[in-house]
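Please find below my notes on this entry, set out point by point for a colleague who has the coordinates open.

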Amino acid sequence: MASVKPLDERPAWKALTSHFAQVKPLHLRELFAADPERARRFTVDAAGLYFDYSKHRITAETMALLLNLVDEVDLRGHIDAMFRGDKINVTENRAVLHVALRAPRDAHIFVDGEDVVPGVHEVLDKMSAFAERVRSGVWLGFTGKRIRNIINIGIGGSDLGPVMAYEALKHYSDRSLTFRFVSNVDGTDFAEAVWDLDPAETLFIVASKTFTTLETMTNAMSARKWLLAALKDEKAVANHFVAVSTNATEVAKFGIDTANMFGFWDWVGGRYSMDSAIGLSTMVAIGPDNFRALLAGFHAMDEHFRTAPFAANLPVLMGLLAVWYSNFFGAETIAVLPYDQYLKRFPAYLQQLTMESNGKYITLEGKRVTYQTGPIFWGEPGTNGQHSFYQLIHQGTKLIPVDFIGFNQTLNPIGDHHNQLMANMFAQGEALAFGKTTEAVKTEGAPDWLAPHRTFEGNRPSTTILVDRLTPEVLGKLVAMYEHSVYVQGVVWNINPFDQWGVELGKVLAKQIMPELESKADPALGHDSSTNALIRRYRAGR
């Protein structure tokens with residue numbers, strides 16, 4: 001691979017380093033006071049999202065220098081390479097084409113000379129037909145009962161995307177159907193999911209590309225045993241299980257009719273797969289039309305990312321702000337705080353998307369980075385978080401940039417609940433930015449000894465993303481915005497956001513330890529002294 005100049009040796013990076021020394025002491029109070037047009041200047045209204053980044057510790061020069069940086073690392077070329085189907089996942093020699101999953105029927109995207117779009121729509125049509133059969137009651141269980149319960153069995157991207165989307169779009173779901181999600185190999189997860197269900201009315205969607213994923217297949221086998229304990233006939237499996245997989249041999253061996261196997265491709269990464277066949281449970285829940293609206297939202301953001309000038313490009317701006325705080329301010333986390341209860345699983349979904357993607361310390365050339373990558377993402381819905389961790393964001397010693405996500409209209413209008421919710425969101429952004437001076441506290445009558453405790457430094461940065469209402473299309477736009485932001489950061493840091501070798505080592509060691517836990521003899525253990533002692537302690541405690 002051709003040699004690439006290290007990021008921190010590039011002229012644009014050095015210019016940002018010098019500029020940071022000038023910006024660091026500035027307070028948002030000063031920046032707003034000096035520029036009455038600041039809120040307008042640092043706001044982008046695009047793709048149906050209102051993106052206000054004026055409450056960040058930036059100036060016009062900051063943004064100009066950050067945009068110089070993406071020009072210097074050829075972000076445009078990298079974006080074009082992804083959309084073109086180039087094999088940008090270099091460690092696995094794969095294209096990265098989640099954008100193809102939401103491309104319209106008349107689009108053309110090629111991998112190894114083959115247009116992949118027709119295959120995508122063939123799977124979508126097959127999913128739609130299946131979803132309609134389940135939703136209409138045409139698909140029946142082995143005993144002739146209607147399916148009323150759908151359980152998605154997967155892990156990682158095969159779970160986090162579907163469960164997040166189901167919760168986010170629950171308003172649009174068929175309430176006559178029960179949806180549950182099993183991912184953890186802890187037996188409690190499965191036991192609680194099926195506790196009150198009738199096997200004769202339950203359908204399992206097993207999502208595993210290889211159909212060999214340890215956690216998923218352990219849960220799938222337990223589901224199979226649970227079903228057969230009640231229905232007593234191996235033929236029942238075909239009525240109560242479908243697969244999202246590419247391994248027809250293993251699917252058939254399990255007892256699933258391969259006509260009910262929904263495939264996807266090696267150019268779809270797990271954490272980028274919620275709009276592939278992995279989203280089958282989502283489609284069953286919200287219906288094919290709403291699922292296609294979700295895909296349309298993804299595609300709208302894809303086109304915005306591909307075509308919008310970088311200075312007004314939402315994923316580019318979001319990615320650059322993450323770089324600015326991670327690499328110059330030394331911030332280690334980003335809080336995502338959606339002010340909508342339906343988005344309660346959105347931060348958890350983003351944890352995998354962002355941290356599995358950019359949790360890398362090796363560059364594309366195989367060298368160790370000399371700068372920070374991969375901020376930690378976390379969060380909870382407002383206003384719950386205000387009564388738990390906001391104290392640390394306001395008055396703690398750590399700088400934590402925040403993404404606020406809110407909606408002009410609620411899907412559940414009850415009294416003045418929504419006005420209260422949004423008043424809190426706007427107030428939190430204002431309080432974080434501007435704080436409260438000691439003088440103001442004293443003016444309110446606080447004694448000198450108490451004033452420091454009630455003082456808020458402010459200067460805590462945030463983005464506010466405001467949208468009309470939470471729809472399937474809007475959810476697609478939000479997810480795609482974060483997906484492409486991750487790519488922007490990866491391009492700047494010269495790392496591969498599309499592999500995940502770091503998750504493999506633990507799996508390998510777990511396979512080695514498993515027989516040691518189950519052995520009736522005391523096996524010779526070849527681990528470190530701590531692991532050996534823990535294994536023996538566990539065996540004795542069983």
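1. What should the 20 residues of helix H13 span at 1.5 Å a residue, and how far apart are its end C-alpha atoms? The expected span for H13 (residues 288-307) is 28 Å, and the C-alpha atoms at its two ends are 28 Å apart, so the two values agree. As this is a predicted model, I read that agreement as a property of the prediction. The buried residues of H13 are Pro288, Phe291, Leu294, Leu295, Gly297, Phe298, Met301, Asp302, His304 and Phe305. For reading such a list, it helps to recall that an α-helix has 3.6 residues a turn, so residues three or four places apart point the same way.

2. Helix H19, which covers residues 472-493, can be examined in the same manner: its 22 residues reach 32 Å from the first C-alpha to the last, close to the 32 Å expected at 1.5 Å a residue. Because 21 of these 22 residues are buried, H19 is largely enclosed by the rest of the structure. The residue that follows H19 is asparagine 494, which has a positive phi, near 60°.

3. The open sheet deserves a paragraph of its own, being built from six strands in the order E1-E2-E13-E12-E10-E11 with mixed pairing. Strand E1 (43-46) and strand E11 (376-378) each have a single partner strand and stand at the edges, so that one side of each is left without a neighbour in the sheet. From one strand to the next, the twist averages 15°. Within the sheet, strand E10 (residues 333-338) pairs with strand E12 (residues 402-407) in the parallel sense, over four bridges, and valine 336 stands opposite aspartate 403 in E12. Helix H14 (residues 314-329) packs on this sheet, where it touches E1, strand E2 (49-52), E10, E12 and strand E13 (462-467), and its direction makes about 30° with that of E2.

4. Glutamine 352, in helix H15 (residues 346-358), has a relative accessible area of 11% and is therefore buried, the cut-off being under 20%. A polar atom of its side chain lies 3.3 Å from the backbone nitrogen of glycine 157. If residues up to four places away in sequence are not counted, glutamine 352 touches Gly156, Gly157, Leu160, Arg271 and Ser357.

5. Asparagine 89 belongs to the loop between helix H5 (75-84) and strand E3 (110-111), and with a relative accessible area of 4% this residue is buried. Once neighbours within four places in sequence are left aside, the contacts of asparagine 89 are Arg94, Val96, Asn496, Phe498 and Asp499.

6. Some points of backbone geometry should be checked by eye. Glycine 382 and threonine 383 are joined by a cis peptide bond, with omega about 10°, and threonine 383 lies in the loop between E11 and helix H16 (390-395).

7. Alanine 47, although not a glycine, has a positive phi of about 55°; this residue sits in the loop between E1 and E2 and is partly exposed, with a relative accessible area of 26%. Aspartate 112 is likewise not a glycine, and its phi is positive at about 50°. Its place is the loop between E3 and strand E4 (114-115), where aspartate 112 is exposed, with a relative accessible area of 65%.

Key:
Residues numbered from 1 in each chain as written. Predicted model: local features only at pLDDT ≥ 70, side-chain atom pairs only at ≥ 80, totals over all residues. Heavy atoms only, no water. Expected span 1.5 Å × (residues − 1). Buried < 20%, exposed > 50% of the residue type's maximum accessible area, 1.4 Å probe, protein only. Polar contact = N/O pair within 3.5 Å; in protein donor to acceptor, adjacent residues only side chain to side chain. Contact = heavy atoms within 4.5 Å. Pairing = 2+ DSSP bridges. Axes fitted to C-alpha atoms, helices over the stretch in contact; angles between N-to-C directions.
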